[in-house]
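Visitor: I keep meeting words like "buried" and "oblique" and never know what earns them. Could you walk me through some?

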Amino acid sequence: MVHLGNSWDALLADQFTAPYYLELREFLKSEYRTRAIYPPMYDIFNALKQTPYEKVKAVILGQDPYHQPGQAHGLCFSVKKGVQPPPSLKNIYKELESELGFVPPEHGDLTPWTEQGVLLLNTVLTVRDSAPASHRGKGWEIFTDRVIDLLNQRPEPMVFLLWGSHARAKKERITNPAHLILEAAHPSPLSAHSGFFGCGHFKRANEFLKEPIDWSLS
């Protein structure tokens, strides 16, 4: 049984015993045993472990984890210290620098955001080495849709940052008028110049929240 160590345990208990999740679990057991899968098994649920339900102030939705060795550690767009920040994260840093005068750090570890209530959630939580989207359609989307639905039900206002068509497709699940939805192109080098750069999302999120987030990573 998965143990997250916070309020998500009770909220998601029915998911961990649901037929779709039990099938997903068997699939993952085979995958981790026979292939290189990211992130490491014990990092799969880091986003939920780091940011309890009642602490969430902002949600950044990713797709699936980074698919090269040593990159993914369970937080979307983030890599551990000592790992070169990938291109999408570098573009996130560029936008922060433009909006807030943010000085980009040498590292790509976004853990300090999670400690302030930023849920860094991929919609698919695992991936095969060098095979993006390889674990889509296996059940993760059902699980993470439930996470989004639970957050949508919460009365306390929060911000959903939806970057790229995959994340923006989740907009229909966010129906609570208390929440703010911010949409833009994905920060990937392929699309960042089509609406991510200049989106102003970090500044707009802080203007909306009662307790602003320190995005500086200093």
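Guide: Sure, here is a short round of questions on how such labels are earned. This is a predicted model, where local features need pLDDT of at least 70, side-chain atom pairs count only at pLDDT 80 or more, and totals for chains, interfaces and linings use all residues. Residues are numbered from 1 along each chain as its sequence is written, and side-chain values use heavy atoms, with hydrogens and water left out.

Visitor: Why is V124 called buried?

Guide: Buried means under 20% relative accessible area, with exposed over 50% and partly exposed in between (1.4 Å probe, protein chains only). V124 has 0% relative accessibility, so it counts as buried.

Visitor: Where is V124, and what is it in contact with?

Guide: V124 is in the loop between β3 (118-122) and β4 (127-128). Helices (H or I, at least four residues) and strands (E, at least two) are DSSP runs, numbered from the N terminus. Contact means heavy atoms within 4.5 Å. Leaving aside neighbours within four places in sequence, V124 is in contact with Q63, D64, P65, H135, R136, W140 and E141. V124 and W140 are 16 residues apart in sequence, yet 5.1 Å apart in space, C-alpha to C-alpha.

Visitor: W140 begins helix α7 (residues 140-153). What makes α7 "mostly covered"?

Guide: Of its 14 residues, 11 are buried. Among them are W140, E141 and F143.

Visitor: How do you know what span to expect for α7?

Guide: The expected span is 1.5 Å times one less than the number of residues. For the 14 residues of α7 that gives 20 Å, and α7 reaches 20 Å from its first C-alpha to its last, which is close to expectation.

Visitor: Which residues touch the most other members of the largest nonpolar core?

Guide: A nonpolar core is a set of buried Ala, Val, Leu, Ile, Met, Phe, Trp, Tyr and Cys residues joined through side-chain atoms within 4.5 Å. The largest has 69 residues, and those touching the most other members are W8, F45, I60, W113, W140, F143 and L151.

Visitor: Why is α5 called oblique to α9?

Guide: Helix α5 (residues 87-100) and helix α9 (residues 201-208) pack at about 60°, with their axes 8 Å apart. Axes are lines fitted to C-alpha atoms, for helices over the stretch in contact, and angles run from 0 to 180 degrees between N-to-C directions. Under 35 degrees is roughly parallel, over 145 roughly antiparallel, 65 to 115 roughly perpendicular, and the rest oblique. Therefore α5 is oblique to α9.
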